[in-house]
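Trainee: I would like a close look at a single part of this model. Please take one residue and work outward from there.

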Amino acid sequence: MAKPPPRAWQRMLSGRRLDLLDPSPLDVEIADIAHGLARVARWNGQTNGPHSYSVAQHSLLVEAVANHLVLELPPDVCLAVLLHDAAEYVIGDIISPFKAVLGDAYKGVEKRILGAVMLRFGLPATMRRDVARLAKDADIIAAHYEARLLAGFSPEETVRFFGKPVALPKPVLALLEPWPTETAEQRFLARFEALASKAEPLPQR
């Protein structure tokens, strides 16, 4: 008797089953994303404080940094930046050293899941180049502050791996204080809903 193929789907608390090999936007729910990202720890949990620094909170920080870098960003762009790590609600936050070990094996799965998320919320499956560049720039700036203030990197290491710091206003820096899981989930969901209510589909470019 032939052995059945291994399970390649993840059951969500909403009841949805997301196929990792062929994810459908119809199986993506923002409540599942917010719940999952609030429980995924950045830096493999190796951060200071009584609470882990979640990917949900990191996503809010990156979106806030993007808004600092470029004033008056359209809600659609803010939404795409907020969701830049949304695939991690399924695959977790793979730290950079482990990505180097894995090579490109995980990238196809991550890309398909993120594409399904983006389509679910009216955005292009693949980010426009300018939006992707902005998200990447903001992500590196956020990582610089997280590494230095939360993850124990020395000033020299932080600059070596994440570049020189970019000055950020106090309201943005306040997002580096780790929150309880429930707070991270609620604030991520609230920011998503505020942006989604104003967003119009981004044109392909």
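Is E63 buried or exposed, and what is its relative accessible area?

Mentor: The model is a predicted one. E63 is buried, because its relative accessible area is 3%, and the cut-off for buried is under 20%. E63 forms a salt bridge with R191, and the closest N and O atoms of the two are 2.8 Å apart. E63 lies in helix α2 and R191 in helix α10, so this pair ties together parts 128 residues apart in sequence. R191 counts as partly exposed, at 28% relative accessibility.

E63 also belongs to the contact between two helices. In α2, the residues S59, L60, V62, E63, A66 and N67 meet C78, V81 and L82 in α3. Helix α2 covers residues 55–69 and helix α3 residues 75–82; they pack at an angle of about 145°, with their axes 8 Å apart. The crossing of α2 past α3 is right-handed.

Helix α10 takes part in another salt bridge, between E185 and R39, where the closest N and O atoms are 2.8 Å apart. That pair links distant parts of the chain: E185 is in helix α10 (residues 181–196), R39 is in the loop between α1 (30–37) and α2, and 146 residues separate them. E185 is buried, with a relative accessible area of 18%, whereas R39 is partly exposed at 42%. A search of the whole structure finds 7 salt bridges, among them E63 with R191 and E185 with R39.

Conventions:
Residues are numbered from 1 along each chain as its sequence is written. This is a predicted model: local features need pLDDT of at least 70, side-chain atom pairs count only at pLDDT 80 or more; totals for chains, interfaces and linings use all residues. Side-chain values use heavy atoms; hydrogens and water are left out. Axes are lines fitted to C-alpha atoms, for helices over the stretch in contact, and angles run from 0 to 180 degrees between N-to-C directions. Helices (H or I, at least four residues) and strands (E, at least two) are DSSP runs, numbered from the N terminus. A crossing is left-handed if the near helix is turned anticlockwise from the far one by less than a right angle, and right-handed if clockwise. Contact means heavy atoms within 4.5 Å. A salt bridge is a side-chain nitrogen of Lys or Arg within 4 Å of a carboxyl oxygen of Asp or Glu. Buried means under 20% relative accessible area, exposed over 50%, partly exposed in between (1.4 Å probe, protein chains only).
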